[in-house]
Amino acid sequence: QVQLVESGGGLVQAGGSLRLSCAASGRTLSSYYMAWFRQAPGKAREFVSVIAWSGSFTVYADSVKGRFTISRDNAKNTVYLQLRSLKPEDTAVYYCAAGPTYGSNVGSYSSWGQGTQVTVSS
């Protein structure tokens with residue numbers, strides 16, 4: 001089991017930037033995939049991006065491609081999500097997740113963080 005803790009959320013204006021962090025501990029992550037999801041009030045949890053712990057594999061949802069960047073620092077056991085050109089529709093709780101296989105569905109991931117709130121004002 002992997003423990004995940006997100007941080008870095010906050011209130012920003014449209015067009016602004018924010019960097020989210022996900023600190024991991026517990027089992028080794030060498031063969032895992034690390035993903036970001038988000039969930040707005042009254043909506044389903046939505047896939048945002050994923051990165052493999054090893055190698056260069058990344059995937060982005062169409063809604064964030066070109067604006068968000070996922071990255072990792074293996075030495076710090078941390079995954080980041082750089083949010084740029086933020087829009088009000090990006091407002092949501094952002095969750096970090098980890099699992100042994102890649103997927104864009106919630107069920108692909110066995111470990112989840114508590115979430116961090118991102119609010120974008122217009």
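In the predicted model, Q3 has S25, a residue of β3, as its bridge partner. This bridge belongs to a wider arrangement, in which β1 and strand β3 (residues 18–26) are paired in the antiparallel sense over six bridges. The two strands are part of an open sheet of four strands, which follow one another in the order β1-β3-β8-β7 with antiparallel pairing. At the edges of this sheet lie β1 (2–7) and β7 (68–73), each of which pairs on one side only, and from one strand to the next the twist averages 20 degrees. In general, the strands of a sheet pair through backbone hydrogen bonds, either parallel or antiparallel.

The largest nonpolar core comprises 35 residues, and the residues with the most contacts inside it are M34, W36, L81 and Y94. At least two residues of this core are supplied by each of β1, β3, β4 (33–39), β5 (46–52), β7, β8 (78–83), β9 and β11 (116–121), while the largest share, five residues, comes from β9. When residues up to four places away in sequence are not counted, M34 touches a set of residues that includes L4, C22, I70, V79 and C96.

Outside the strands, S108 is found in the loop between β9 (92–99) and β10 (111–112). With a relative accessible area of 14%, S108 falls under the 20% cut-off and is therefore classed as buried. The side chain of S108 makes a polar contact with the side chain of N105, at 2.6 Å. If neighbours within four places in sequence are left aside, S108 is in contact with G99, P100, T101, Y102 and G103.

Terms used:
Residues are numbered from 1 along each chain as its sequence is written. This is a predicted model: local features need pLDDT of at least 70, side-chain atom pairs count only at pLDDT 80 or more; totals for chains, interfaces and linings use all residues. Side-chain values use heavy atoms; hydrogens and water are left out. Buried means under 20% relative accessible area, exposed over 50%, partly exposed in between (1.4 Å probe, protein chains only). A polar contact is a pair of N or O atoms within 3.5 Å; within protein, one must be able to donate a hydrogen and the other to accept it, and residues adjacent in sequence count only if both atoms are side-chain atoms. Contact means heavy atoms within 4.5 Å. Two strands pair if DSSP finds at least two bridges between them. Axes are lines fitted to C-alpha atoms, for helices over the stretch in contact, and angles run from 0 to 180 degrees between N-to-C directions. A nonpolar core is a set of buried Ala, Val, Leu, Ile, Met, Phe, Trp, Tyr and Cys residues joined through side-chain atoms within 4.5 Å.
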